[in-house]
Each structure stands twice: as structure tokens, then as C-alpha cells.
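Me: I'd like to walk through this model with you, starting with how its helices pack. Shall we take a look together?

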Amino acid sequence: MPAIEIDVWLGDIAELEVDALVVPANESLFMTTGAAASVKRRGGEEIELAAIEQGPIPPGTAIVTQGGTLAAPYVIHAVAVGHDLQADPARLSSATKAALDLCTPMQLRRIAIAGLGTERGTFAPEEAARILVAAVRDHADAHDLPESVVFVLATPTEARAFAHAVELERAGT
């Protein structure tokens, strides 16, 4: 794997001081649950309003807004699961890649990614972790940015699944 630092953290993504937070979104871009709701609560409703102005967007895509009063200056809203709540690995991978593709033009060196796909139980944590870690690896193979990714998970079960996927990636399996 290229020189990209990947970490796993159990906690609230809205607390992190990174260049951008990547949160799960639906096609309408309302920030009503999980990590997105926490980001809106801590960063201000202007984050959600700016996102809604850019929507709706299809599953597998992402948009960016300012970070409001958060320490992170940007929030990337990634639609990994659509309103249909279908566990589509291609959509999850595509949304992750769309978020990562914003890093180079925006010069984002350090980003935090919430457990995309795990919201509302659409993907098992192990499957989401495998897909997201692979997407980061594939992106890092072709891009210099981001230099650092931290996966931020809401539960110990999710954090363990992501830590295991990162370990397997580091071991090359």
C-alpha cells in the first residue's frame, strides 16, 4: 500500500480537527441521523442548508460544503446508500471514491470518514470496512492526497471491523 496513513477511531466525527469530514448522506442531503446529525448539531444548520442547495444527488456520488463552526473547514456528504436502502457494494465504493476524488483539487491532506454504509444497518460493519479500505487503497495507488485517513466509527463493533480490515490491508491480504 502506498504511503498513506490509515487509522481507526471510536467517537464523534464532529470533534476531529482534520481538513474534511466525510459523512453519510441520502439523496436529499438532509443531515438527520448519525454522524451527519452530529456534524450539523456541532457545526451549525448552515452546513445542511448548503448541502440541500446542491441536491438532490444520486447514490454513489458526493458533494462538499463549508464546515460551519467545526474545526474541520469542509464537510463531504457521500451518498453511499440511497432511499431504497439497498446494500449495493458498487454504490458504496463509488461514493467513497467520489469523496476521495475531492481531496486533490481541494488540497485536503487529512480527512476523517464516518462508517459509510453502516448507517441504518444497510451493510454489516465487516463488509463496509472491506469496501471502504479497498477504496482508500485504490485511490492512494493513483493519488498523493489525502495523506491521512481516519475512519471514525460510532460503535465498538464497527471500530473492531474497520481495524481488522486495515490490518488485513497492511498485511497485503
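Me: How do α1 and α2 pack, oblique or perpendicular?
Reply: Happy to help, and do keep in mind that this is a predicted model. Helix α1 (residues 34-43) and helix α2 (residues 45-53) have axes 6 Å apart, at an angle of about 120 degrees. Angles of 65 to 115 degrees would count as roughly perpendicular, so the arrangement of α1 to α2 is oblique.

Me: Which residues meet there, and how many of the contact residues are charged?
Reply: From α1 come Val 39, Lys 40 and Gly 43, and they meet Glu 45, Glu 46, Ile 47 and Glu 48 of α2. Sorted by class, this contact has 2 nonpolar residues and 1 polar residue, and the number of charged ones is 4.

Me: What is the strand order of the sheet?
Reply: Good one! The edge strands, each pairing on one side only, are β1 (5-10) and β3 (62-66). The sheet is open and mixed, with 6 strands in the order β1-β6-β5-β2-β4-β3.

Me: Which residue of β4 stands opposite Val 64?
Reply: Strands β3 and β4 run antiparallel and are joined by 5 bridges. Opposite Val 64, in β4, stands Ile 76.

Me: Which element gives the largest share of the largest nonpolar core?
Reply: That core has 35 residues, and Ile 111, Ile 113 and Phe 151 touch the most other members. Elements supplying at least two residues each include β5 (110-114), β6 (148-153) and α5 (125-142). The largest share, 7 residues, comes from α5.

How values were computed: Residues are numbered from 1 along each chain as its sequence is written. This is a predicted model: local features need pLDDT of at least 70, side-chain atom pairs count only at pLDDT 80 or more; totals for chains, interfaces and linings use all residues. Side-chain values use heavy atoms; hydrogens and water are left out. Axes are lines fitted to C-alpha atoms, for helices over the stretch in contact, and angles run from 0 to 180 degrees between N-to-C directions. Helices (H or I, at least four residues) and strands (E, at least two) are DSSP runs, numbered from the N terminus. Angles under 35 degrees count as roughly parallel, over 145 as roughly antiparallel, 65 to 115 as roughly perpendicular and the rest as oblique. Contact means heavy atoms within 4.5 Å. Ala, Val, Leu, Ile, Met, Phe, Trp, Tyr, Cys and Pro count as nonpolar, Asp, Glu, Lys and Arg as charged, and the others, Gly among them, as polar. A nonpolar core is a set of buried Ala, Val, Leu, Ile, Met, Phe, Trp, Tyr and Cys residues joined through side-chain atoms within 4.5 Å. Buried means under 20% relative accessible area, exposed over 50%, partly exposed in between (1.4 Å probe, protein chains only). Two strands pair if DSSP finds at least two bridges between them.
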